[in-house]
Amino acid sequence: MPTPNEAPFDVIYQVDRQDLIVNVNSQWDQFANENGGLIAKSVLGRKLFDFIVGDSSRMYVDTMFQHTRLLKKGVVRQYRCDSPSMKRFMEMRIEPGSDGLLIVSHRIIKSEPVAPVVNFLYHPKAFVLRRCSVCNRLNRDGRWRELDQVLYPAMAGANLPVRYDVCGDCQTTASNA
């Protein structure tokens, strides 16, 4: 299988018609090692959706995949992929390949520090906070807000349980593809 074009995106992977990860670029392991993720040999041959947490998050990605396959037209979405200490503003590009293959590219647009540093831990039964899988805003008191409007300095270093969801704004953006 050909190696995906690596420029200008940082991490590129390919999924087949069954959404199995069949190829990753050389940046995969570097990004995984820097962020505590799984290296290539741990993900190759496995379903991408095994690594996406939350039903609404899976449906969001699946909708983009189906859109790309059916219309044979690429999709570009901006999203957030934060680490405990950095806000990372990202772009994902999904391009159709042959025979249902999809080429998925991710690149960092910009990053900035998060204050306070907080670890979010997925907990399927926790309902302390809901976190949008796309924009990373948190739902507190029925409103989706930016991290700095919800987190307080006293939370620094805390492990906060969250349930992942997709907020209404991001759902609307996805449906206007």
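**Close-up 1. Aromatic pairs, with F49 and F65 in view.** The count of aromatic pairs in this structure, a predicted model, comes to three. One of them brings together F49 and F65, with ring centres 5.8 Å apart. Their planes meet at 65°, so this pair goes down as edge-to-face; the cut-off for that label is over 60 degrees. Where do the two partners lie? F49 is in the loop between α2 (40-43) and α3 (55-71), while F65 belongs to helix α3 itself. The two are 16 residues apart in sequence, so the pair ties together a piece of loop and a piece of helix. Is F49 buried or exposed? F49 is buried, and F65 is buried too.

**Close-up 2. Charged ends over the ring of F89.** Here we turn to another phenylalanine, F89, and start with R80. The charged end of R80 sits over the F89 ring, 4.8 Å from the ring's centre. Now look for K110: its charged end also sits over the ring of F89, at 4.8 Å from the centre.

**Close-up 3. An open sheet built from five strands.** Follow the strands across the sheet and you'll read β6-β10-β7-β8-β9. The sheet is open, and its pairing is mixed. Which strands sit at the edges? They are β6 (119-122) and β9 (143-145), each of which pairs on one side only. Neighbouring strands here are turned against each other by 45° on average, if you ignore direction.

**Close-up 4. Where β8 meets β9.** Zoom in on one end of that strand order and you'll find β8, residues 138-140, beside the edge strand β9. The two pair in the antiparallel sense, over three bridges. For a residue to look for, try L138: its bridge partner in β9 is R145. As background, strands of a sheet pair through backbone hydrogen bonds, and they can do so parallel or antiparallel.

**Close-up 5. Cysteines without a disulfide.** How many disulfides does the structure hold? Zero. Take C132 to begin with: the closest cysteine sulfur to its own is in C135, 3.6 Å away, and that is too far for a bond. A disulfide would need the two sulfur atoms within 2.5 Å. C132 counts as buried because its relative accessibility is 0%. Next comes C167, whose sulfur has its closest cysteine sulfur in C170. That distance is 3.6 Å, so again there is no bond, as the sulfurs are too far apart. C167 has a relative accessibility of 0%, so it counts as buried.

Definitions and conventions:
Residues numbered from 1 in each chain as written. Predicted model: local features only at pLDDT ≥ 70, side-chain atom pairs only at ≥ 80, totals over all residues. Heavy atoms only, no water. Buried < 20%, exposed > 50% of the residue type's maximum accessible area, 1.4 Å probe, protein only. Pairing = 2+ DSSP bridges. Helix = DSSP H or I, 4+ residues; strand = E, 2+ residues; numbered from the N terminus. Axes fitted to C-alpha atoms, helices over the stretch in contact; angles between N-to-C directions. Phe/Tyr/Trp six-rings, centres within 6.5 Å; stacked < 30°, edge-to-face > 60°. Lys NZ or Arg CZ within 6 Å of the ring centre and 35° of its normal.
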